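Subject: The structure we talked about, with notes

Dear colleague,

Please find the structure below, with the sequence beside it. I suggest you keep it open while you read the notes that follow.

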Amino acid sequence: GIGAVMLYLVMYLFMNLGAFFIVMYVQTKKDGETFDAFSGLGWEMPLVGIAMTVFMFSLTGIPPTAGFIGKYYLFAAVIKAGPTFYWLAFAGAINSVISLYYYIRVIRHMYLIGERSESIHVPAMMTSILILALAIPTVVLGVYWTPVADWVSNSLVFAFPAM
């Protein structure tokens, strides 16, 4: 279970930092962090909209994102722990489904609510680099996670040599 939690934390780092960075960016550009501030954002700022969509899907646990792999390892560890903990896996799955409603609302506002913008806003170079530095691993680690899983496994051997 410790390895699954560590792997999820690595995956969670990218998707959560990315989502909160975009919320902060939108707050400074649109003077708000409500759903209305995200209305039409996908058309006005395509890079920001696409990246936020990736982060929202990953936080929900939809494949092929890092969030799916993280949740898969967590649920597998809970199920492997035995029937006593099946309720925990069920509760986690239900919470993932419930979170989908809230995360999809953000995506809905970005693309379906609000006006399409005639102009496209491109974030500053460093902002774009930071967004991509968080979004790319969120997708890549959903497809190619074995180096991170091996790293976590090796760190557990180092931390708990008797195991």
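Please bear in mind throughout that this is a predicted model. I begin with a residue in helix 4, which runs over residues 46-60: Ser-58 has its place there, and with a relative accessible area of 0% it is buried, since buried means under 20%. If we set aside residues up to four places away in sequence, Ser-58 touches Met-15, Thr-65, Ala-66, Gly-67, Phe-68 and Thr-138.

One of those partners, Thr-138, is worth following, because its relative accessible area is also 0% and it is therefore buried. Thr-138 is found in helix 7, and, again not counting residues up to four places away in sequence, it touches Phe-14, Met-15, Val-54, Phe-55, Ser-58, Thr-65 and Ala-66.

Helix 7 (residues 125-143) also leads us to helix 1, since the axes of these two helices come within 9 Å and cross at roughly 145 degrees. The crossing in which helix 1 passes helix 7 is left-handed. On the side of helix 1, the residues that meet helix 7 are Met-11, Phe-14, Met-15, Leu-17, Gly-18, Phe-21 and Tyr-25, while helix 7 brings Thr-127, Leu-130, Ile-131, Ala-133, Leu-134, Pro-137, Thr-138 and Leu-141 to the contact. Sorted by character, the residues of this contact are twelve nonpolar, three polar and no charged.

In soluble globular proteins, nonpolar side chains tend to be buried together. In this model, the largest nonpolar core has 23 residues, and those with the most contacts inside it are Ile-22, Phe-38, Val-48, Met-52 and Phe-55. Two or more residues of this core are given by each of helix 1, helix 2 (35-38), helix 4, helix 6 (86-111) and helix 7, and the largest share, seven residues, comes from helix 1. To see one member of the core in its surroundings, you could look at Val-48, which, leaving aside its neighbours within four places in sequence, is in contact with Ile-22, Tyr-25, Val-26, Leu-41, Pro-123 and Ile-131. A second, separate core has ten residues, including Ile-69, Val-148, Val-152 and Leu-156.

How many salt bridges are there in the model? The count comes to one, and in it the side chains of Lys-30 and Glu-44 meet at 2.7 Å, N to O. Lys-30 lies in helix 1 (residues 2-30) and Glu-44 in helix 3 (residues 41-44), so the pair ties together parts that are 14 residues apart in sequence. Both ends of the bridge are partly exposed, for Lys-30 has a relative accessibility of 26% and Glu-44 a relative accessible area of 25%.

Glu-44 has a further partner in His-121, a residue placed in the loop between helix 6 and helix 7. With neighbours up to four places away in sequence left out, His-121 touches Tyr-25, Lys-29, Glu-44, Met-45 and Pro-46. Is His-121 buried or partly exposed? At 29% relative accessibility, it counts as partly exposed. His-121 and Leu-41 are 80 residues apart in sequence, yet 9.6 Å apart in space, C-alpha to C-alpha.

With best wishes

Notes: Residues numbered from 1 in each chain as written. Predicted model: local features only at pLDDT ≥ 70, side-chain atom pairs only at ≥ 80, totals over all residues. Heavy atoms only, no water. Helix = DSSP H or I, 4+ residues; strand = E, 2+ residues; numbered from the N terminus. Buried < 20%, exposed > 50% of the residue type's maximum accessible area, 1.4 Å probe, protein only. Contact = heavy atoms within 4.5 Å. Salt bridge = Lys/Arg side-chain N within 4 Å of Asp/Glu carboxyl O. Axes fitted to C-alpha atoms, helices over the stretch in contact; angles between N-to-C directions. Left-handed = near helix turned anticlockwise from the far one by under 90°. Nonpolar A, V, L, I, M, F, W, Y, C, P; charged D, E, K, R; others polar. Core = buried A, V, L, I, M, F, W, Y, C linked by side-chain atoms within 4.5 Å.
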